[in-house]
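Reader: I should like to go through this model and ask, for each term used, what stands behind it. Please set the values against the cut-offs wherever a conclusion depends on them.

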Amino acid sequence: MIKIKTVTLHHITQTLKTPFTSSIGHVTDRESILVEVTDLEGISGWGEVVAFSTPWYTEETISTAFHLLKDILVPLLMNQPISHPDQLNHIFHNVKRNYMAKASLEGAIWDLYAKKQGVSLAFVLGGEKSEIECGVVVGISSISKMTEQISQYVEEGYKRFKVKISPDQDIELIEGIRKKFPKLPLMADANSSYSLNDTDRLKELDQFGLLMIEQPLAADDIIDHAKLQQKLTTRICLDESIVTSEDARKAIELGSCRVINIKPGRVGGLTESKKIHDLCKANDIPVWCGGMLETSISRAHNIALASLANFSIPGDISSSSRYWEEDLVYPEIKAVNGKITVPRAEGIGFHMQMDIVKKYRNSVTVIKNSYI
Ligand SMILES: O=C(O)CCC(=O)c1ccccc1C(=O)O
Ligand SMILES: [Mg+2]
């Protein structure tokens, strides 16, 4: 039984090694809220808010998540003994959406739940793989810089390569990469920058043998994606459009996609992620774990999640050093020859380096349970 003593919100800002650009957003300084849940025995579980500073990817921001955590979600959890993290879905039932805020607390409870049993997060989630294959993402810049970055990542051994595209830079970019790397496991993420009017343009991409195209159409759409998928040979992968397992069920039923990207933050946590994984498995839809320019706390959650059987495509889980000067955890999260070993140590399997957390911390908020 988990009895919460305190919930500590560490608000941090880290500067990315190099700014990251997609068709809809540009990130230089990455704000995060690290969520530390400590129980009466003094054991801590860790989660992370992966929302951005502004609502360009989803409607949530770091500020909205802080409000939700402090004023709504943490109070709902206090004075409730928790026997299993799955209960949080029910406890948060009357709070609409705000999935990233919910996921941060839920992730911390999952970590704590595993630690209290002395087993790994991957184990309690039902993970089967002892190592996961890693992919890497190249943000928008010039075609020559993007191709150069890919060459570097090929050398580092990554197993799958994703480039950000938009109608301003797509065919020429993919053509250029393909000339240099004809057989590379390559995919493109459009972050909703096209409409059905661009169908002919998107059909031109079919000739390049991409693994898939991610989220070509609107973030809230599954109807037009179904129409588009019928016209493309390239598989469509949905990211933004899938925020619940019900969304996934409907998208599969409509034929809106042939692959799904699961991000625990986007779907409200690991319980919902597992549900989507299981549903996709039953429907022969492969899944992979997406990335959010996250710290190693979420990276560790993602590694555990990606050890489940139907995560059969390498996800956006790269070395911490892909984005960060310093890792918040020890040992450092590192892809070696494009693979990361799933830790067997308890919980997330990595130790927090509090001196480094404090170095990047703007503020800390401790919420105490009323029974202490
Ligand atoms: O390497 C990563 O963390 C993933 C990068 C990425 O593609 C991304 C980063 C931020 C927000 C949305 C996305 C996305 O998958 O669309
Ligand atoms: Mg995406």
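Author: Let us begin with strand 7, bearing in mind that this is a predicted model. From strand 7 (residues 186-189), L186 and A188 point one way, whereas M187 and D189 point the other way, and all are buried.

Reader: How do you know that strand 6 and strand 7 pair, and in which sense, parallel or antiparallel?

Author: Two strands count as paired if there are at least two bridges between them; strand 6 and strand 7 have four bridges, in the parallel sense, and therefore meet that condition. One of the links can be named, since V163 has A188 of strand 7 as its bridge partner.

Reader: Why is K164 called buried?

Author: Buried means under 20% relative accessible area, and K164 has a relative accessible area of 7%, so the term applies. K164 belongs to strand 6 (residues 160-164), and, leaving aside residues up to four places away in sequence, it touches a set of residues that includes F20, T21, V137, I140, M146, L173 and D189.

Reader: What makes the approach of K164 to N191 a polar contact?

Author: The two side chains come to 2.6 Å in this contact, and the limit for a pair of N or O atoms is 3.5 Å, so the distance satisfies the cut-off. K164 and N191 are also among the residues that come nearest to ligand 1, together with D189, L293 and Y323, out of 18 residues around it.

Reader: Which distances support polar contacts between other side chains and ligand 1?

Author: Three can be given, each to an oxygen atom of the ligand. An N or O atom in the side chain of K162 is 3.1 Å from one, a polar side-chain atom of K263 lies 3.0 Å from one, and a polar side-chain atom of Y323 lies 2.6 Å from one. Each value falls within the 3.5 Å limit. As for cover, the protein takes up 100% of the 390 Å² of accessible area that ligand 1 has on its own.

Reader: Turning to the sheet with the order 3-2-1-15, why are strand 3 and strand 15 said to stand at the edges?

Author: This is an open sheet of four strands with antiparallel pairing. Strand 3 (44-49) and strand 15 (361-368) each have a single partner strand, so one side of each is left without a neighbour in the sheet. From one strand to the next, the twist averages 25 degrees. Helix 12 (residues 296-305) packs on the sheet and touches strand 2 and strand 3, its direction making about 100 degrees with that of strand 3.

Reader: How do you know that strand 2 is paired on both counts, with strand 1 and with strand 3?

Author: Strand 1 (residues 4-21) and strand 2 (residues 26-39) pair over 13 bridges, and strand 2 and strand 3 over six, both in the antiparallel sense; at least two are required, so both pairs qualify. I33 illustrates this, as the bridge partner of H11 and as the residue opposite V49 in strand 3. Strand 1 and strand 2 form a hairpin with four residues between them, and strand 2 and strand 3 likewise form a hairpin with four residues between them, where G42 in the turn has a positive phi of about 85 degrees.

Reader: What makes strand 2 mostly covered?

Author: Of its 14 residues, 11 are buried, and buried stands for under 20% relative accessible area.

Notes: Residues numbered from 1 in each chain as written. Chains lettered and ligands numbered in written order. Predicted model: local features only at pLDDT ≥ 70, side-chain atom pairs only at ≥ 80, totals over all residues. Heavy atoms only, no water. Axes fitted to C-alpha atoms, helices over the stretch in contact; angles between N-to-C directions. Contact = heavy atoms within 4.5 Å. Near = heavy atom within 4 Å. Polar contact = N/O pair within 3.5 Å; in protein donor to acceptor, adjacent residues only side chain to side chain. Areas by Shrake-Rupley, 256 points an atom, 1.4 Å probe, with all protein chains shown as cover. Buried < 20%, exposed > 50% of the residue type's maximum accessible area, 1.4 Å probe, protein only.
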